[in-house]
Amino acid sequence: MNKILLIIQREYITRVLKKSFWISSLLAPVLITAIYAIPIWLAMKDKEVKRVEILDLSALWKKSDLLDKEVQFDFTTGKEQDLKMLFASKGYDAFVSIPKDVLTNPKGVHIYTAKNIGMSLKESVEKLIQNKARHELLLKAGISSQIYESTQVDIDSKTITVSTDGQETSSSSGGAMILAGIMGLVLYVTLLLYGSQVMNGVIEEKSSRIIEVIISSVKPYQLLLGKIIGVGLVGLTQFLLWIVLTFGLTQVTSKLYGEKEKNTLTQIKQIESTSPESVMSRSENESPMSEVTKVLESTNIPLIIAAFLFYFFVGYMLYSSLFAAIGSAVESATEAQQFTFIVMIPIILSFLMAQYTMQDPDSTIAFWASMIPFTSPINMMVRLPYGVPVWELILSMALLILGFLGCSWVSARIYRVGILMYGKKVTWKELGKWLFYKG
Amino acid sequence: MILSVRQVVKKYQDHLALDHIDLEIPKGKIFGLLGPNGAGKTSLIRIINQITAPDFGQIIFDGEPLSAKHVDQIGYLPEERGLYKKMKVGDQLLYLAQLKGMSKSEAISKLKDWFIRLDIKDWWNKPVDDLSKGMQQKTQFIATVVHEPKLLILDEPFSGFDPINANMLKDEILAIKERGATILFSTHRMETVEELCDDIALINHSRVVLAGEKVEVQNRYKQHIFKIRYIGNLPHELGGVDILTVNGQSATLKLADGIRSNEVISQIITHVDLLEFQEIIPSFNDIFIQVVNETNSYE
C-alpha cells in the first residue's frame, strides 16, 4: 500500500510541476473569462459616431426621432442631386434622402455613401426611419402609440418539471442545455486528455526501460494503479484550478468594469427597449451566464458535483486502464496509434450521442447511452441537469463500476505481459493470447 | 545458501524457457550465470525477482520460500536498463530507494554516502537527460545497491561501461562481497567470470548443463596438456606422452591417462634442461564453447 502511495506521489508531482500543466490550467480560465468579458467590453467601448446628413422632403421627422448612440443626424435642405455629390466633402459618412411620399413608397428612401457603409449603419438608419414611419401609419389608421405599445405582449414561458409525487421544480431547458453541454464537453476532453497521458506514461516507462527496475520492486498492478490514480488526481487538481481561477477572474473583471459596466448594460437595455421589436426578442437575448445561474438555482448542485466527480473518476479509470494496456503493448507513441482508435471511438461516439441526449434527454437512445459503461459518463452527465430518476442514476453508476472492473481485469492482464515484451510487432490476436498467460 | 532454485519450470506459449532448473547459490560468493542468448537466463532472473512466477518448482531465499517480502533484500540491475529522463538524479534515486522499502531519511543519508563515494556530489539536481551514458550507469548502479541487498543480481553489468567505469564497478562489486552480500552475475564475458566468479552455472537450451566451483569446473575440463620450455633437443618420442607441438625451445605435451606429471618430468630432464613446466588450464571461453556444442549436438 505504501508503495502505491509513493507511485501516486511521483506521478502526481512530476506532472503538476510541468510547465504544460500550468499553461493549460491558466489558459482555460483566461479563455472562459474572455468569452464572458469581451462582449461587455465591446459594448462599453465608446463607439465611433457616424455623421449622416438627412434630406427629409416629407417633413415627418424631427431631431428627437433620430436619436442614436452611434449615428448623428443633421437635417439639410437642397436638391438631392447636388447634396449627394457634396456630403462627403462636408465630412459626412452618409447622406439619406427621404421622399415626400415615403409612407406610401418606402422603397424611395436612398442612402448614399462615399465608402461602403457597414450593415450596422444601414440597419440603424433604416430602423430609425422605419419606427417613425410605422408610428405615422398607425396614427393615420387611428391607433395611438399607447395602444400599439400595449399590444406588444412579451411571452416568456417558465418550464416546470412535475415529478410523479407532485413535486414541482422550475427549470429552464435552455440553461439546462448549456450546463449539460459544458459538462459533456469537459468530460469528453478530459477523458481523452488524461487517458492518453496514462498511455504515454506507460510508453515512457517501457521505452526508457526503467520498467524492469520498477517491477522488481513493486507488482505491475501496483504500478498501474498508482499511475492511474496519480494522473487522475492531476485531472481533479486541474478541474479545481479551472473552477477557482475562472470564478476569481470573472469576479476580478466584473470589479474592474465596476459601475461603468452596470451603466452600459442598463443603457443598452434602455436603447433596446425603446424599439418595439426588441421587446419581443428580449428573452432570447438574456446572457447565457444568467441562464446558467438560473439553472444552478433550480438544480441540485451537490448532486451534480458528486455525480460529475464520480463519472469523471470512474469513467477515467475505465478508459485510462485501456489506454495503459495499449501503452504496454507498444514501444512508441506512433506505434500506439493503430490501437488507440478502438478506445477513442467509444469516447467520440458518446460525445456525438450526447448531442441527441441534449435534444431529447428522455429518449430511448439517451437512456441506453447513459447506461452502457463506455458512453454513460458523458451521457449521464448531459442528462442530469434535466432531471433523472434515482434508480436510473444508481443503475448507471453500478454498471459503470462493473464496466471498470471488467476493463481493468483485461487491461491488467495485457499490461503485465506487454511491459516486458520487446521487439515484437503486436497484433490483436497476440493481445488476445496475453489475456490467458499465466503469471 | 542464499538462494536455492529447485526444479523450476517456466513455459511460454510456444516454448519451454526453463526445464527443471536446479541451482544452489552460496552466501557471500560471486556466482556467474552463463549461457548463450535465449538459453533462459533472463527468464530465471525474472523469476528470482518475482517479476514472473514459475509454473512449477520452488525458490528458497535465505532459508524461506521466496515471497513478496524478499523483494527489498534483492537488488537488480537489468541488462536493458533505463531511468526516467525528465527526473532529477537525486529525486529519482530517492524514489527507487523508497520503492525498495527504505525510509526517506535513511535513503537520503545512504545516497549522500554513495554520491561522495563515486565522486558525483554535484549531480543531485541534474536531470537524467543531461547525464552522459557513463554517468547514467553510475546512477543505475547506485539504484541497485543503495538499499544494501543481501542478493545483488547483475545482468551483463559491464556492457556499455568504459574501462574506467568498469574498473570502478568491479571494485564496488568486490567491496559489496566483502560486506557479506551475494552477487549473481549473468554474463557472456568470460574474462569477468575468470576474474570475479567463485561459482558458475551454465545454462543451455533451458537446462543447467554445467555447475560448480570455478576451480573445480576448470579441473574437470583439464585435458592434461602441459607447456614446457627448455634448453637442448627434445626427443621425438616420450613414454606416455603425445607431443603436440614443438616450437624452438618450447613445446606442448598431452599426457596419456594415468600418467603423472612427475613421471614425465623425470623423463624430460634426462634429455634437456627444463626451464618451465606448466599445465594449461582450459579457459572458460573454451569450456563454454565445448559444453554448448556438446549439449547442442544432443538435441
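**Exercise 1.** Which residue in S4(B) does B:Leu3 stand opposite? Place this pair in the sheet of chain B in this predicted model.

*Solution.* The residue that stands opposite B:Leu3 in S4(B) is B:Phe61. As a next step, consider the strands themselves: S1(B) and strand S4 (residues 56-61) of chain B pair in the antiparallel sense, and five bridges join them. Strand S1 (residues 3-11) of chain B is also joined to S2(B), again antiparallel, by six bridges, and here B:Ser4 has B:Glu24 as its bridge partner. Finally, B:Phe61 stands opposite B:Glu64 in S5(B), and two bridges join the antiparallel strands S4(B) and S5(B).

**Exercise 2.** Work out the order of the strands in the open sheet of chain B, and explain what is left at its edges.

*Solution.* The open sheet consists of four strands with antiparallel pairing, in the order S2-S1-S4-S5 (chain B). Strand S2 (16-25) and strand S5 (64-65) of chain B stand at the edges with a single partner strand each, and therefore one side of each has no neighbour in the sheet. To complete the picture, turn to the link between S4(B) and S5(B): these strands form a hairpin with two residues between them, and B:Asp62 in the turn has a positive phi of about 50°.

**Exercise 3.** Why is strand S3 (residues 94-98) of chain A described as largely enclosed?

*Solution.* Begin with the count: five of the five residues of S3(A) are buried, so the strand is largely enclosed by the rest of the structure. Next, take the faces one by one, for A:Ala94, A:Val96 and A:Ile98 are buried on one side, while A:Phe95 and A:Ser97 are buried on the other. Then look at the partner strands: strand S1 (residues 50-56) of chain A pairs with S3(A) in the parallel sense over five bridges, whereas strand S4 (residues 110-113) of chain A runs antiparallel to S3(A) and is joined to it by four bridges. A:Ala94 appears in both pairings, as the bridge partner of A:Val52 and as that of A:Thr113 in S4(A).

**Exercise 4.** How many residues does each chain bring to the contact, and of which classes are those of chain B?

*Solution.* Chain A contributes 17 residues and chain B contributes 23 residues. On the side of chain B, the largest share, four residues, comes from helix H2 (residues 89-99) of chain B. Sorted by class, this side has twelve nonpolar, five polar and six charged residues.

Terms used:
Residues numbered from 1 in each chain as written. Chains lettered and ligands numbered in written order. Predicted model: local features only at pLDDT ≥ 70, side-chain atom pairs only at ≥ 80, totals over all residues. Contact = placed C-beta atoms within 7 Å. Nonpolar A, V, L, I, M, F, W, Y, C, P; charged D, E, K, R; others polar. Pairing = 2+ DSSP bridges. Buried ≥ 20, exposed ≤ 12 C-beta atoms within 10 Å, placed from the backbone.
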